[in-house]
Amino acid sequence: MKKDTLKEIGAGQFGPIFEGPTGQDAVELLLAKRTGEVRNAFSHPKIGEDIDLVWDSGEGKGLISIATDHPDVLPLLSELVRSGEIYAASANRIKLISSLHGKTGIAIIRLDFDGVAKKWLLTGFVNDA
């Protein structure tokens, strides 16, 4: 990650708010910081370029749960979100599914937080079954 692209733009409900890093750089930043959020960390052709990555939603969701429960998907998160096909959608979630190196990857994008519009990666994992 280029240091000159990283900007801490304030603090929010998840901790420090960062802008600049995207994709795997955003993942690596939050894994190192273990707090905060990265705005516009991921993009998807049908969902948009404004999918945020949060360390912890306060309910154990976000990158903290992925790192704890599904560490095998961490190096594939950016690819999973970018290439995932929309499999299901509801009023507040979009489920993406993607073939990743012979395995099925699943990511869930949440469309709100506490009733306020916000696109963020809720979880991601590889389904070996």
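## Core packing and aromatic pairs in a predicted model

The largest nonpolar core has 27 residues, and those with the most contacts inside it are Phe42, Leu53, Leu63, Leu77, Val81, Ile109 and Leu121. A nonpolar core is here a set of buried Ala, Val, Leu, Ile, Met, Phe, Trp, Tyr and Cys residues joined through side-chain atoms within 4.5 Å. Buried stands for under 20% relative accessible area, exposed for over 50%, and partly exposed for what lies in between (1.4 Å probe, protein chains only). Two or more residues of this core come from each of H1, S3, S4, H2, H3, strand S6 (93-100), S7 and strand S8 (116-127). H1 gives the largest share, four residues.

This is a predicted model, in which local features need pLDDT of at least 70 and side-chain atom pairs count only at pLDDT 80 or more, while totals for chains, interfaces and linings use all residues. Residues are numbered from 1 along each chain as its sequence is written, and side-chain values use heavy atoms, with hydrogens and water left out.

### Overall fold and confidence

The protein has three helices and eight strands, arranged along the sequence as β-β-α-β-β-α-α-β-β-β-β. Helices (H or I, at least four residues) and strands (E, at least two) are DSSP runs, numbered from the N terminus. The radius of gyration is 14 Å, close to the 14 Å that the globule rule gives for 129 residues, so the protein is as compact as a globular protein of that length. That radius is taken over C-alpha atoms, and the globule rule is 2.2 Å times the number of residues to the power 0.38. Along the principal axes, the C-alpha atoms fill a box of roughly 40 × 30 × 25 Å. Of the 129 residues, 43% count as buried.

Contact means heavy atoms within 4.5 Å. Among contacts between residues at least 6 apart in sequence, 36% join residues at least 24 apart.

The mean pLDDT (the predictor's confidence in each residue, from 0 to 100) is 92, and 95% of the residues reach 70 or more. Among the elements, S1 has the lowest mean pLDDT, 92, and strand S3 (residues 37-44) the highest, 97.

### Helix H1 and the cores

In helix H1 (residues 23-33), the buried residues are Gly23, Ala26, Val27, Leu29 and Leu30. These residues lie on the same side of H1, because they cover an arc of only 160° around the axis; the arc is that of the directions from the helix axis to the C-beta atoms. The buried residues of H1 pack against S2, S3, strand S4 (48-54), helix H2 (63-69) and helix H3 (77-83). After H1 comes Arg34, with a positive phi near 60°.

Leaving aside neighbours within four places in sequence, Leu63 is in contact with Val27, Leu30, Leu31, Leu53, Val54, Trp55, Leu74 and Leu77. A second, separate core of six residues includes Phe14, Val54, Ile108 and Leu122.

### Aromatic cluster

The structure holds two aromatic pairs. Rings of Phe, Tyr and Trp (its six-membered ring) pair if their centres lie within 6.5 Å; planes under 30 degrees apart count as stacked, over 60 as edge-to-face and the rest as tilted.

| Ring pair | Centre distance | Plane angle | Class |
|---|---|---|---|
| Phe14 and Phe113 | 4.9 Å | 75° | edge-to-face |
| Phe113 and Trp120 | 5.8 Å | 70° | edge-to-face |

The pair of Phe14 and Phe113 links distant parts of the chain, 99 residues apart: Phe14 is in the loop between strand S1 (7-12) and strand S2 (15-19), and Phe113 is in strand S7 (residues 103-113). Ring pairs link Phe14, Phe113 and Trp120 into a cluster. Phe14 is buried at 7% relative accessibility, Phe113 at 11% and Trp120 at 1%.

### Phe18 and Glu85

Phe18 is found in strand S2 and is buried, with a relative accessible area of 3%. Not counting neighbours within four places in sequence, Phe18 is in contact with residues including Leu29, Leu30 and Lys33. The C-alpha atoms of Phe18 and Asp52 are 10.0 Å apart, with their positions 34 residues apart in sequence counted as separation.

Glu85 lies in strand S5 (residues 85-89). Beyond residues up to four places away in sequence, Glu85 touches Lys95, Leu96 and Ile97. The C-alpha atoms of Glu85 and Pro45, 40 residues apart along the chain, are separated by 9.7 Å.
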